[in-house]
Amino acid sequence: MKINDTRRIGMANPYLSNSNQRTEAKGHKWKNDEVQFSAEAMEMLSKTRTNGPEREKRVQELKDAVSTGNYHVDTDKLADKILPFVYPVTNK
């Protein structure tokens, strides 16, 4: 295989390099994205992440059932849960 023009490798996105040069020439810096969570959101998150003994017991039961081959999925329940995501109901 013969590669004729090796300069094309750096030309994958020439517009990005031009934009970077203009931004640096003006003295601008790239901004970083930031995310801030409200106190209410943090409270809700902490309530959903309970690692109590009941949860640990349930997780261990599921692990044991999967490892022994006794875990079976109820396909009817699974389909009922997935169906709204596949065919969302719109109220018009």
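Here is a short walk through the structure above, from the whole chain down to one residue.

This is a predicted model, in which local features need pLDDT of at least 70, side-chain atom pairs count only at pLDDT 80 or more, and totals for chains, interfaces and linings use all residues. Residues are numbered from 1 along each chain as its sequence is written, and side-chain values use heavy atoms, leaving out hydrogens and water.

Let's start with the overall layout. The protein chain has four helices and zero strands; helices are DSSP runs of H or I with at least four residues, strands are runs of E with at least two, and both are numbered from the N terminus. Of its 92 residues, 3% are buried, meaning under 20% relative accessible area with a 1.4 Å probe, while exposed means over 50% and partly exposed lies in between, counting protein chains only.

Now look at helix H4, residues 75-86. Its 12 residues should span 16 Å at 1.5 Å a residue, and its end C-alpha atoms are 16 Å apart, so the two values agree. The expected span is 1.5 Å times one less than the number of residues. How many residues of H4 are buried? The count is zero, so to speak of H4 as hardly covered is fair.Next comes the surface. Val66, Tyr71, Val73, Leu78, Ile82, Leu83, Phe85, Val86 and Tyr87 form a nonpolar patch there. Such a patch joins nonpolar side chains (Val, Leu, Ile, Met, Phe, Trp, Tyr) within 5 Å, using residues with over 30% relative accessible area and no salt bridge, that is, no side-chain nitrogen of Lys or Arg within 4 Å of a carboxyl oxygen of Asp or Glu. H4 gives the largest share of the patch, five residues. Leu83 sits in this helix and counts as partly exposed because its relative accessibility is 47%.

Note on methods. Patch = residues over 30% accessible without salt bridge, like charges linked within 9 Å, V, L, I, M, F, W, Y side chains within 5 Å. Areas by Shrake-Rupley, 256 points an atom, 1.4 Å probe, with all protein chains shown as cover.
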